[in-house]
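Here are some notes for a colleague who is opening this entry without prior knowledge of it. Please read them with the model in view.

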Amino acid sequence: MVKQDALMESLSSNLHGFLKQIGANLRVPQKKFLRDGFVGLVRAGHPIVCQMGREIPNQRSTYTSRVKRLDLHLTAETDFDERVKESLPAVWLPLITDDTPLILDLSDLAKPLARKMDYLATVRDGSTGDLVNGYWLVEIYASIARKNPFPILLEAFSHEAPDCPGQNPIVLNAVRRVFDLTDGRGVLVVDRGGDARVFLDDWLDHAYRFVVRLRGDRHLMRFYEVSEQGRWISIEGRDLAERTPTPHRWSRVVKSKGREVLRISRIGWVTVHLPGRTEALTMVVARSPGNDVPFMLLTSLPVETPADAKRVLRYYIRRWECEEGIQFLKEQVNLEAIRTFRWTAICRLILLAMLVMLYLARLWENHLTLAERLIDYAQVLPHQVDFMFYRLLTGLMHVLNACFYLRKDLL
């Protein structure tokens with residue numbers, strides 16, 4: 001039995017502490033907007049200004065004035081975003097260790113019916129595979145614990161924006177900013193496409209540790225013994241993977257369609273270089289029954305034993321958490337429902353959505369008892385799930401609504 005009054009008091013205090021920490025550098029009107037935008041987005045469930053205006057805590061003013069105030073803060077050319085982003089590392093940075101996976105991914109914000117939104121570009125809709133109007137999102141998550149990704153960077157960019165330097169510079173700049181904050185701690189984990197030479201050269205120049213999935217058509221340098229002397233020979237990654245032995249067995253239990261399935265793989269590794277560079281890298285190869293193409297990962301981590309190779313594979317397996325994170329933002333926060341025309345407002349609403357997810361991750365990591373009370377209050381079905389953000393958001397929404405209906409002063 002959850003005591004409603006005690007839960008509302010605990011949540012109010014916890015949420016107040018979070019918003020106070022995030023808004024430490026803001027001016028008083030900006031702090032009010034941060035509170036109103038956060039609470040309005042959670043209660044409305046959509047980043048739509050007219051719906052958020054109905055749900056903000058301050059009901060003493062008229063609905064029209066609340067909507068106008070929200071719209072004014074969203075479109076104002078101020079330093080609100082920069083000030084909030086300066087405060088975010090205080091939330092997640094103490095949790096980063098040398099072995100924390102930092103998951104980099106590119107996603108899309110599809111707006112196929114939009115015509116008048118600022119700087120609309122052509123993106124590939126991840127749901128349908130079609131080319132539509134929209135914006136690109138660069139995301140970096142810190143996998144602090146299993147199934148609890150901390151969103152540490154979520155920013156939109158458009159190739160049609162006049163100050164856009166291009167996709168590669170934006171991605172490289174995002175990675176540099178995160179590693180500058182962590183002082184080199186963490187392991188960068190990237191899917192296919194992250195093996196582009198411009199990325200690998202930059203990460204090797206800065207001595208970042210990384211695990212990247214190979215497409216197979218990149219060339220690598222492999223050492224072969226020719227006559228009495230050996231030499232490094234260029235070979236395509238796919239051909240090298242086919243020739244690499246995988247003598248070590250690796251089995252793990254995974255969930256497939258709600259059932260636990262035993263997956264067995266054979267793994268091996270080989271030392272390689274990039275053409276024109278001398279840094280020693282390792283290509284880890286895994287083969288599974290029924291898959292003709294071997295699975296290939298390139299890493300700067302040392303791999304000398306089967307345990308090291310399995311560790312590299314586990315880093316990449318945790319990359320799926322970023323897919324669950326963006327799916328949560330699109331399904332539960334309805335990130336793609338943004339309808340404002342102004343580019344400043346679009347970026348600001350994306351920042352508010354990121355703060356909602358960051359608060360839930362912080363709640364699950366640092367305040368587990370309160371998080372479990374929220375889940376109990378939400379009265380969800382008692383199925384065992386791994387990704388708890390859906391249940392946490394449901395509980396948070398219900399508690400905020402209860403505060404509203406009982407006329408309690410939240411925050």
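1. Glu 155 is a place to begin: its relative accessible area is 17%, so Glu 155 counts as buried. The model is a predicted one, and every value below is computed from it. The partner of Glu 155 is Arg 177, and the two form a salt bridge in which the closest N and O atoms are 3.0 Å apart. Glu 155 belongs to strand 4 (residues 148–157) and Arg 177 to helix 7 (residues 167–182), so the bridge ties together parts that are 22 residues apart in sequence. Arg 177 has a relative accessibility of 32% and is partly exposed. The pair therefore joins a buried acid to a partly exposed base.

2. The next residue along, Val 178, also lies in helix 7. Is Val 178 buried or exposed? With a relative accessibility of 4%, Val 178 is buried. Neighbours within four places in sequence aside, Val 178 touches Leu 102, Ile 140, Ile 152 and Leu 153. Leu 298 is a different matter: 120 residues separate Val 178 from Leu 298 in sequence, and their C-alpha atoms are 21 Å apart in space.

3. Helix 8 deserves its own point. This helix covers residues 197–205, and Arg 197 and Asp 201 are four residues apart within it, a separation of about one helical turn. An α-helix has 3.6 residues a turn, so residues three or four places apart point the same way. The side chains of Arg 197 and Asp 201 meet in a salt bridge, with 2.8 Å from N to O. Arg 197 is partly exposed, at 32% relative accessibility. The bridge is part of a network of salt bridges that links Arg 197, Asp 201, Asp 205, Arg 277 and Glu 279.

4. Which residues of helix 8 are buried? They are Phe 199, Leu 200, Asp 202, Trp 203 and Leu 204. Asp 202 is listed there along with Trp 203, and a reader may wish to look at it in the model. The buried residues of helix 8 pack against helix 7 and against several strands: strand 1 (101–110), strand 5 (187–190), strand 6 (210–213), strand 11 (281–287) and strand 12 (295–299). After helix 8 comes Ala 207, which has a positive phi near 60°.

5. A further salt bridge is found towards the start of the chain. Side chains of opposite charge can pair when their charged atoms come close. Here Arg 27 pairs with Asp 79, and their closest N and O atoms are 3.6 Å apart. Both residues sit in loops: Arg 27 between helix 1 (4–22) and helix 2 (28–44), Asp 79 between helix 4 (63–75) and helix 5 (80–87). The bridge thus links distant parts of the chain, 52 residues apart. Arg 27 is partly exposed, with a relative accessible area of 41%, and Asp 79 is partly exposed as well, at 27%. Over the whole structure the search finds 23 salt bridges.

6. Aromatic rings give another set of links, and the count comes to 13 aromatic pairs. One of them is formed by Phe 33 and Phe 80, which meet edge-to-face, 5.1 Å centre to centre and with 70° between the planes. Phe 33 is in helix 2 and Phe 80 in helix 5, 47 residues apart, and this pair too links distant parts of the chain. Phe 33 and Phe 80 are both buried. Elsewhere, ring pairs join Phe 18, Phe 38 and Tyr 359 into a cluster. The ring of Tyr 224 has the charged end of Arg 222 over it, 5.5 Å from the ring centre.

7. Last, the chain as a whole. It has 14 helices and 12 strands. Its radius of gyration is 24 Å, close to the 22 Å that the globule rule gives for 411 residues, so the chain is as compact as a globular protein of that length. The C-alpha trace spans about 85 × 55 × 40 Å along its principal axes. Of the 411 residues, 50% are buried. Among contacts with a separation of 6 or more, 60% are between residues 24 or more positions apart. The accessible surface is about 19,900 Å², and carbon and sulfur atoms account for 49% of it.

Conventions
Residues numbered from 1 in each chain as written. Predicted model: local features only at pLDDT ≥ 70, side-chain atom pairs only at ≥ 80, totals over all residues. Heavy atoms only, no water. Salt bridge = Lys/Arg side-chain N within 4 Å of Asp/Glu carboxyl O. Helix = DSSP H or I, 4+ residues; strand = E, 2+ residues; numbered from the N terminus. Buried < 20%, exposed > 50% of the residue type's maximum accessible area, 1.4 Å probe, protein only. Phe/Tyr/Trp six-rings, centres within 6.5 Å; stacked < 30°, edge-to-face > 60°. Lys NZ or Arg CZ within 6 Å of the ring centre and 35° of its normal. Rg over C-alpha atoms; globule rule 2.2 N^0.38 Å. Contact = heavy atoms within 4.5 Å. Areas by Shrake-Rupley, 256 points an atom, 1.4 Å probe, with all protein chains shown as cover.
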